[in-house]
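Got your viewer open? Let's take a short walk through a protein, one selection at a time.

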Amino acid sequence: MDDAEDLVFRALADPTRRALLDVLVERDGQTLFELCTRMAGAGVTSSRQAISQHLDLLAAAGLVRVRREGRYRLHDLDTTPLAPLRERWVRPDERTDP
Amino acid sequence: MKIALTSVFVDDQQKAQDFYTGVLGLTTKHDVPLGEHRWLTVVSPEAPDGVELVLEPNEHPAATAFQEAMAADGIPVAVLSVEDVEAEHARLTGLGVAFTQPPTAMGPVVTAVLDDTCGNLVQLMAAAAPA
């Protein structure tokens, strides 16, 4: 299996990381603090440290982009790595894309 | 026993006084010259005898390191309670204040996070309107 795809599957194979993606859908440009607050609001009570480590794995898989804006570190969702997964097991006669 | 004071580190006391009073709308309680710096505290005009916020020089190297690390992760160093977070966000944005987090419902409260221009993030908080 392709290494990059491996990272994506591993990143998705955890309920906390999937919850983080749910929270990232809300808006781009969230700080770690905002993500932690939203996670707590969603009933996920992981430590800040744990959430930070989950974010690192999501970033390694390309699902989260981390950028520096002034003094802040902001997180954006990037679903580009999911597109090939969606296509992978679609049979040729079931394809709807041109 | 009562909580009398709590403090935020600021990179410039004059700038901090201007922001916390002129922009946020708090009131100066104590302003005592102490050589290079001042004993400078602000209070809420709604609670002039309440908790004082000390605007403390961030001269210690650990203070600036702390401020940088907290800001990078978006962590506020103080929380101010307001009547209406949306209204304050609109008013303060109009005055040029930058927010790292717009008003967001978080369970029983609405919060927003702003930059105090002195090295810190400050959270605004209000009870969510009853559904």
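Here is a tour that begins with a whole chain and ends with single residues. One thing to keep in mind as you click: this is a predicted model.

**Stop 1: chain B as a whole**

Select chain B and show it as a cartoon. You should be able to pick out three helices and eight strands. Follow the chain from the N terminus and the elements come in the order β-α-β-β-β-α-β-α-β-β-β. The radius of gyration of chain B is 15 Å, close to the 14 Å that the globule rule gives for 131 residues, so chain B is as compact as a globular protein of that length. Now turn the chain around: along its principal axes, the C-alpha trace spans about 50 × 35 × 35 Å.

**Stop 2: the annotated stretch**

Next, select residues 2-127 of chain B. An unreviewed UniProt entry annotates this span as "domain: VOC". Helix accounts for 26% of the span and strand for 42%. Click the C-alpha atoms at its two ends, and you'll find them 24 Å apart.

**Stop 3: inside and outside of chain B**

Switch on a surface for chain B. How much of the chain is buried? Of its 131 residues, 42% are. The chain exposes about 6,900 Å², and carbon and sulfur atoms supply 60% of that. Contacts are worth a look too: among those between residues at least 6 apart in sequence, 48% join residues at least 24 apart.

Now colour by charge. Chain B has 5 positive and 18 negative charges, and the mean positions of the two groups are 7 Å apart.

**Stop 4: a residue in a loop**

Zoom in on B:Thr117. You'll find B:Thr117 in the loop between strand E7 (109-115) and strand E8 (121-127) of chain B. What is the phi of B:Thr117? The angle is near 65 degrees, a positive value in a residue other than glycine. For background, most residues other than glycine have a negative phi. With a relative accessible area of 40%, B:Thr117 is partly exposed.

**Stop 5: over to chain A**

Finally, select A:His75, which lies in strand E2 (residues 72-77) of chain A. Is A:His75 buried or exposed? Its relative accessibility is 5%, so A:His75 counts as buried. To see what surrounds the side of the strand here, show the residues that A:His75 touches beyond four places away in sequence, including A:Leu24, A:Asp28, A:Leu55 and A:Arg65.

How values were computed:
Residues are numbered from 1 along each chain as its sequence is written. Chains are lettered from A and ligands numbered from 1 in the order in which they are written. This is a predicted model: local features need pLDDT of at least 70, side-chain atom pairs count only at pLDDT 80 or more; totals for chains, interfaces and linings use all residues. Side-chain values use heavy atoms; hydrogens and water are left out. UniProt positions are given in the numbering used here, feature names are shortened, and annotations may be inferred rather than shown by experiment. Helices (H or I, at least four residues) and strands (E, at least two) are DSSP runs, numbered from the N terminus. The radius of gyration is taken over C-alpha atoms; the globule rule is 2.2 Å times the number of residues to the power 0.38. Buried means under 20% relative accessible area, exposed over 50%, partly exposed in between (1.4 Å probe, protein chains only). Contact means heavy atoms within 4.5 Å. Accessible areas come from the Shrake-Rupley method with a 1.4 Å probe; for residues, only the protein chains shown count as cover. Lys and Arg count as positive and Asp and Glu as negative; His and the chain ends are not counted. The place of a charge is taken as NZ of Lys, CZ of Arg, CG of Asp or CD of Glu.
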